[in-house]
Amino acid sequence: MSIGIDDISFYTSNFFLDLKSLADVQNIEADKYYQGIGQERMGIVGADEDVVTMAAAAALPLLDSCDKASIDTLLFATETGIDQSKAAGVFVHGLLGLPSRCRVVELKQACYSATAAVQMACAIVAREPERKVLVLASDIARYDLTSSGEATQGCGAVAMLIGSNPRLIEIHPQSGRYTEDVMDFWRPNYRSTALVDGKYSTKIYLKALKQAYADYIDQGGARFEQLDYLCYHLPFSRMAEKAQTQLARCSENSSDAATRSAMVAPTLTYNRTIGNSYTASIYIGLVSLFDHAAEDLSGKRVGFFSYGSGCVAEFFSGTVVAGYRDSLHTQRHQEMLEARTELTYTQYLKFYNFEIPADGGDHCMPEQTTGPFRLASIDQHKRIYCAR
Ligand code: HMG
């Protein structure tokens with residue numbers, strides 16, 4: 001029996017800022033962003049959107065071809081928590097009308113926790129192969145205005161159904177792990193924006209890649225040259241190029257830059273235009289690969305490197321299942337991105353500075369999202385969601 005990703009879809013907000021607008025205000029060349037970090041746009045959420053509405057929107061198309069009663073567990077990965085106690089996934093469970101015997105829990109470890117969720121889901125399915133686990137990863141990346149991280153902001157959610165005999169990609173049992181207590185990026189409970197030591201964080205990312213890959217090889221994993229494509233955690237898309245150079249070095253592989261670039265190019269398209277979506281980004285990279293690879297991916301081996309600052313990292317792999325193209329949501333993803341509205345820099349500032357009311361009153365949220373779900377109000381500190 002194989003276990004892996006049976007269905008996958010992503011969602012992002014309907015607003016974006018082109019990084020040229022940011023570069024113009026900063027009086028620098030847009031190519032620092034377009035080329036230097038490999039990002040074109042950043043997704044910005046409206047006041048009535050959050051990790052719950054994005055995750056529910058990402059999951060919606062998966063329910064068309066799945067018996068809801070088979071969903072045994074919902075794992076919600078995020079570092080943009082909306083409550084210190086209640087799991088964000090419980091709101092999604094309600095919005096999607098999932099069965100009451102479906103257990104729900106939230107997981108956190110920076111951008112890594114969606115991968116912990118995928119591995120836990122595979123273990124649950126191994127015990128009860130007729131069951132499915134819904135893994136949701138949803139985040140809003142926010143840094144201080146004028147900080148080095150500002151241009152790498154973004155937002156997005158991905159939904160995956162993990163099951164036996166999957167239609168899309170079989171996950172291999174080997175996995176390499178690396179954990180180290182470091183302060184490269186973090187967000188104390190009292191802050192709405194992350195703190196980051198930018199250059200140090202990229203160094204730690206590459207160190208964690210080296211260590212997790214070495215452990216993956218020790219566990220019997222496929223070597224770099226046996227992999228056809230790589231999906232990396234993408235804080236910004238140029239990070240994949242740096243990671244490819246590092247991985248080739250670790251495996252003493254002498255491939256040229258063009259070959260290494262072709263192994264990641266189709267995984268970058270969506271992330272270039274939505275920005276960092278933290279937990280979701282590596283799996284939005286997988287959706288991008290499915291939606292953009294020119295060749296038939298059936299039988300191709302994909303390597304995954306998941307990184308969460310702080311830090312925990314994991315390297316694993318999978319094999320694409322023949323016939324995967326019949327189960328993709330490509331048109332839906334492309335239509336969603338084409339329908340987005342561009343913000344001016346002034347509008348971006350207004351969106352950025354919006355604060356959720358915290359006074360315990362009854363507050364209706366401005367109607368801004370065009371997505372299927374919205375945060376309708378905050379009523380005596382309770383978040384009230386609705387379908388649009
Ligand atoms: P910076 O320091 O402002 O940028 O921000 P820079 O000066 O290093 O320039 C970036 C690149 O652009 C350089 O190329 C420049 O040469 C090039 P590189 O040296 O990298 O090859 N450049 C140009 N290229 C073309 N035309 C031009 C031009 N000008 C310059 N005109 C930094 C970079 C990554 C520090 C910043 O974006 C940042 O702080 N980002 C946030 C932290 C981050 O994303 N870290 C990544 C690793 S940690 C991680 O992935 C975890 C995370 O997702 C969080 C989590 O786990 O929850 C962040």
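**View 1. Parallel pairing of strand 4 with strand 6 in the predicted model.** Strand 4 (residues 71-77) and strand 6 (residues 132-141) run parallel and are joined by six bridges. I71 has K132 as its bridge partner in strand 6. Two strands are taken to pair if DSSP finds at least two bridges between them; strands (E, at least two residues) and helices (H or I, at least four residues) are DSSP runs, numbered from the N terminus. Residues are numbered from 1 along each chain as its sequence is written. In this predicted model, local features need pLDDT of at least 70 and side-chain atom pairs count only at pLDDT 80 or more, whereas totals for chains, interfaces and linings use all residues; side-chain values use heavy atoms, with hydrogens and water left out.

**View 2. The open sheet of nine strands.** The strand order is 5-4-6-7-1-8-13-12-11, and the pairing is mixed. Strand 5 (103-107) and strand 11 (229-232) form the edges, each pairing on one side only. From one strand to the next, the twist averages 25 degrees.

**View 3. Strand 1 and its two antiparallel partners, strand 7 and strand 8.** Eight bridges link strand 1 to strand 7, and A157 of strand 7 is the bridge partner of Y11. With strand 8, strand 1 pairs over two bridges; here G4 has E170 as its bridge partner. Strand 1 is mostly covered, nine of its nine residues being buried (under 20% relative accessible area, 1.4 Å probe, protein chains only).

**View 4. Helix 5 across the sheet strands.** Helix 5 (residues 113-127) lies across strand 1 (3-11), strand 4, strand 5, strand 6, strand 7 (154-164), strand 8 (169-179), strand 12 (301-308) and strand 13 (312-320). Its direction is at about 175 degrees to that of strand 6. Axes are lines fitted to C-alpha atoms, for helices over the stretch in contact (heavy atoms within 4.5 Å), and angles run from 0 to 180 degrees between N-to-C directions.

**View 5. Surroundings of the ligand.** The ligand is surrounded by 28 residues (a heavy atom within 4 Å), the closest being E79, C111, S148, K199 and K242. Polar side-chain atoms of K199 and K242 lie 2.3 Å and 2.5 Å, respectively, from an oxygen atom of the ligand. For N276, a polar side-chain atom is placed 3.1 Å from a ligand oxygen atom. The protein covers 75% of the 1100 Å² of accessible area that the ligand has on its own (Shrake-Rupley method, 1.4 Å probe).

How values were computed: Buried means under 20% relative accessible area, exposed over 50%, partly exposed in between (1.4 Å probe, protein chains only). A polar contact is a pair of N or O atoms within 3.5 Å; within protein, one must be able to donate a hydrogen and the other to accept it, and residues adjacent in sequence count only if both atoms are side-chain atoms.
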